[in-house]
Amino acid sequence: PKTMKISHITKTLKGTLLQSVEDTNIQHLLFDSRKITFPQNALFFAIQSKSRDGHHFIAAAYQKGIRNFVINRNDWRVADYPEANFILVSNSIEALQNLAANHRSTFSYPVIGITGSNGKTVVKEWLYQLLWQDFHIVRSPKSYNSQIGVPLSVWQMNEQHNLGIFEAGISEVGEMEKLAKIIQPTIGIFTNVGAAHSKGFESDRQKIGEKLALFRNVDILVYCVDYELITECLH
């Protein structure tokens, strides 16, 4: 991906630079201290979830050479890491998503967005195998289709590509709106609707409606008419 300076990232995220050491050029985004490859140009997002607080892995990341962090705890002792830049935001996941959405908006080549209850990764890989000789494709790694996986996937976009293929998966109401802003697809593929992740929705109709949010601004939408409820929801 393109590099972006810490000062620019801070402005993009509307964050606060709590501690500034060097206006580093950032190229890689991370949230897992176990998967660090290029620490000198990486930005670590300390993400809080119901089961884990990413701030507790800052020390491990710092020891491995990471010197740029996004945090959402204003009580964190940044002075314990004197060689690091710290950006304070209100929500680390939303900051990651906003940064990726801003990055996506700088490119105008076609982007295929894929969602559905099943088959997202298979369809993405089929398309890649069919198209790679004619296009320079950027695509989701593995099954990176979550609230964290999608922004990490889209961050890979650069000027050398001329087609993007990204998958998006949701498990509850409101999630697809966020992913749609990141992927901004021009072509949509709706694979199917099934029982997967149904607990987060009141009905299949509601689940389809939420998934369709990904395709609100697409030029072309591909789906199977055998799924009558999808057709009904589209109309």
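**A tour from a salt-bridge network to a central strand**

Start by selecting Lys124, Glu125, Arg139 and Glu167: in this predicted model, salt bridges link these four residues in a network. Zoom in on Glu125 first. Its side chain forms a salt bridge with Lys124, with the closest N and O atoms 3.4 Å apart. Colour the two by accessibility and you will see that Lys124 is buried, at 0% relative accessible area, while Glu125 is partly exposed at 24%.

Now add Arg139, which forms a salt bridge with Glu125 at 3.2 Å between the closest N and O atoms. This pair links distant parts of the chain: Arg139 sits in strand S9 (residues 137–139) and Glu125 in helix H4 (residues 120–131), 14 residues apart. Arg139 is partly exposed, with a relative accessible area of 26%.

Next, select Arg67 and Glu83, whose side chains meet in a salt bridge of 3.2 Å, N to O. Arg67 is in the loop between H2 and S6 and Glu83 in the loop between S6 and strand S7 (85–88), so the pair ties together parts 16 residues apart in sequence.

From there, move to strand S5 (residues 42–45). Which residues cover its two faces? Ala42 and Phe44 lie on one side, Leu43 and Phe45 on the other, and all are buried. Strand S4 (residues 28–30) pairs with S5 in the parallel sense over 3 bridges, and Phe44 is the bridge partner of Leu30. On to strand S6 (residues 68–71): 2 bridges join it to S5, again parallel, and Phe69 is the bridge partner of Phe44. Finally, trace the chain from S5 through helix H2 (residues 58–63) to S6, a right-handed β-α-β crossover.

Conventions:
Residues are numbered from 1 along each chain as its sequence is written. This is a predicted model: local features need pLDDT of at least 70, side-chain atom pairs count only at pLDDT 80 or more; totals for chains, interfaces and linings use all residues. Side-chain values use heavy atoms; hydrogens and water are left out. Buried means under 20% relative accessible area, exposed over 50%, partly exposed in between (1.4 Å probe, protein chains only). Helices (H or I, at least four residues) and strands (E, at least two) are DSSP runs, numbered from the N terminus. Two strands pair if DSSP finds at least two bridges between them. A crossover is right-handed if, with the strands pointing away from the viewer, the path from the first strand over the helix to the second runs clockwise.
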